Amino acid sequence: MVDLKGQYEGIKEQVNTSIAEVLDSSAFINGPHVHSFQKELEDYLGVKHVIPCANGTDALQICMMGLGLEPGDEVITADFTFAATVEVIALLNLTPVLVDVEPDTFNIDPKAIEKAITPKTKAIVPVHLFGQCANMDAIMELAEKHNLFVIEDNAQAIGATHTFQNGKKQKAGTIGHVASTSFFPSKNLGCYGDGGAIFTNDDDLAHTIRGIVNHGMYTRYHHDVVGVNSRLDSIQAGVLRAKLPNLDSYNKKRREAAKKYSKAFEGQPNIVVPKILQEGPEGHVFHQYTLCILNEKRDNLVQHLNDNGVPCGVYYPIPLHLQKAYTDERYDEADFPVTNQLIKEVISLPMHTELDDEQIEFITNLIIDFINN
Ligand SMILES: *Cc1c(COP(=O)(O)O)cnc(C)c1O
């Protein structure tokens, strides 16, 4: 699905130098690379505060802790996403409220959010799924109207840009009150281990969160709030510093590969290619390239691709509201028509910065032949 070795070849010198520097300095935690990476990412995103942490799941949890969400508060998020999003809501004893997504973008449906808002609702967590921003015009409007926090789960869309209806452009993760991201190796900006970060333009919230990631300390050995231990280590920061200057070109390569895939599938009645809402640079950064297969052959296609040595993924095979850990009597199947359909149709193809034309042609021919037979 990804080719991290091929990508490493292109940045080997910088990565090796950075890692050697960390080894020489022995500043494994909170070394100079961590601070420099934080500043460089703030500049890239155009956001006031980046707070690095240990992984994307911690980042989400810390966002919710920082906002002071309390047991009983309802947090609305998408039914069709990775489990981390709902997991941290449940871990903090908040009440997850899962809602349906849009059929063409796979992103949380603002109409479903609106329907789910109650007096107990405190926050919305849009996930910018597969590399494209959720409908942030509608979500920010709802949040303002109902006085809710917006926490963007930006694990899959770093480097993407949202263009508002009024023409204003903002990078994914800088639009809501606070955002989380993951630097898991296969993400668009991935390190060589675990890593994550929180973004915000709110000075007070940034201060609160800087304490939370460090055991609730604002002054050494004074623990003012209950915190966690969540750090990005210096080696990972060094790797990320080597990759960040290439992020836009990496995302461009992903977009170009997606374009070639979609072109090859043109005119195929049983294959729906991903919808790009905002064309142009960085509208969609294709963390995943995800098709819908309409003729009930999805599962057989997965098998066929595996048999032919082509990796593929089904993201996601089970709606969160039906997962044992998160299912609840409150949920009504009639409220999830889109997710319930998507889980049967979606398939994600190899997507990375090193895909070449020959590989794309091989994969698309294999799929087209199979679907039409
Ligand atoms: C990867 C991912 C996470 C979690 O990130 P980790 O660094 O693996 O903890 C959270 N949300 C989404 C949508 C993700 O894709």
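**Exercise 1. The largest cavity and the two domains**

Task: In this predicted model, find which domains supply the lining of the largest cavity.

Solution:
- Step 1. Start with the domain assignment, which gives domain 1 (4-99 + 106-245) and domain 2 (248-371).
- Step 2. Now look at the lining. Each of domain 1 and domain 2 gives at least three residues to the lining of the largest cavity.
- Step 3. Go to the residues themselves. The lining has 14 residues, and those nearest the centre of the cavity are Leu 4, Gln 7, Pro 185, Lys 187 and Arg 254.
- Step 4. Name the elements involved: α1 (4-25) and α9 (247-264) give two or more residues each to this lining.
- Step 5. Sort the lining by class, and you get four nonpolar, six polar and four charged residues. The space inside the largest cavity is about 90 Å³.

**Exercise 2. A second cavity**

Task: Work out where the second largest cavity lies with respect to the two domains.

Solution:
- Step 1. Searching the whole structure turns up two cavities of 30 Å³ or more. For the second largest cavity, the volume is about 50 Å³.
- Step 2. Pick out some of its lining residues: among them are Asp 104, Phe 106, Leu 129, Pro 274, His 284 and Thr 290.
- Step 3. Sort the lining by class: four residues are nonpolar, five are polar and two are charged.
- Step 4. Draw the conclusion. The second largest cavity lies between domain 1 and domain 2, because both domains give residues to its lining.

**Exercise 3. How the domains meet**

Task: Describe how many residues of each domain are in contact with the other domain.

Solution:
- Step 1. Place the domains first: the centres of domain 1 and domain 2, taken over C-alpha atoms, are 24 Å apart.
- Step 2. Then read the contacts from both sides. Domain 1 puts 36 residues in contact with 33 residues of domain 2.

**Exercise 4. The largest pocket**

Task: Characterise the lining of the largest pocket by residue, element, class and domain.

Solution:
- Step 1. Begin with the volume: the largest pocket holds about 470 Å³ of space. Its lining has 25 residues, with Phe 82, Gln 156, Phe 184, Lys 187 and His 287 closest to the centre.
- Step 2. Turn to the helices. Both α3 (56-66) and α4 (84-91) supply at least two lining residues, and the largest share, three residues, comes from α3.
- Step 3. Count the classes: eleven residues are nonpolar, ten are polar and four are charged.
- Step 4. Check the domains. Domain 1 and domain 2 each contribute at least three residues to the pocket lining.
- Step 5. Spot a residue you have already met: Lys 187 is listed close to the centre of the largest pocket and also near the centre of the largest cavity.

**Exercise 5. The sheet and its helices**

Task: Trace the order of the seven strands in the open sheet, then place two helices on it.

Solution:
- Step 1. Follow the sheet across: the order is β1-β9-β8-β5-β4-β2-β3, with mixed pairing. At the edges are β1 (49-53) and β3 (95-99), which pair on one side only. From one strand to the next, the twist averages 25 degrees.
- Step 2. Zoom in on one pair. Strands β5 (residues 149-153) and β8 (residues 178-182) are parallel and share three bridges; Ile 151 has Val 178 in β8 as its bridge partner.
- Step 3. Add helix α2 (residues 32-45), which lies across β1 and β9 (196-200) at about 135 degrees to β1.
- Step 4. Finish with α4, which lies across β2 (74-78), β3, β4 (121-125) and β5 and runs at about 155 degrees to β3.

Note on methods:
Residues numbered from 1 in each chain as written. Predicted model: local features only at pLDDT ≥ 70, side-chain atom pairs only at ≥ 80, totals over all residues. Heavy atoms only, no water. 1 Å grid on protein atoms, 1.4 Å probe; cavity = no way out; pocket = protein on both sides within 12 Å on 5 of 7 lines; lining within 4 Å. Points joined across faces, edges and corners; volume = space filled by probe spheres on them. Helix = DSSP H or I, 4+ residues; strand = E, 2+ residues; numbered from the N terminus. Nonpolar A, V, L, I, M, F, W, Y, C, P; charged D, E, K, R; others polar. Domains from an automatic or database assignment. Pairing = 2+ DSSP bridges. Axes fitted to C-alpha atoms, helices over the stretch in contact; angles between N-to-C directions. Contact = heavy atoms within 4.5 Å.
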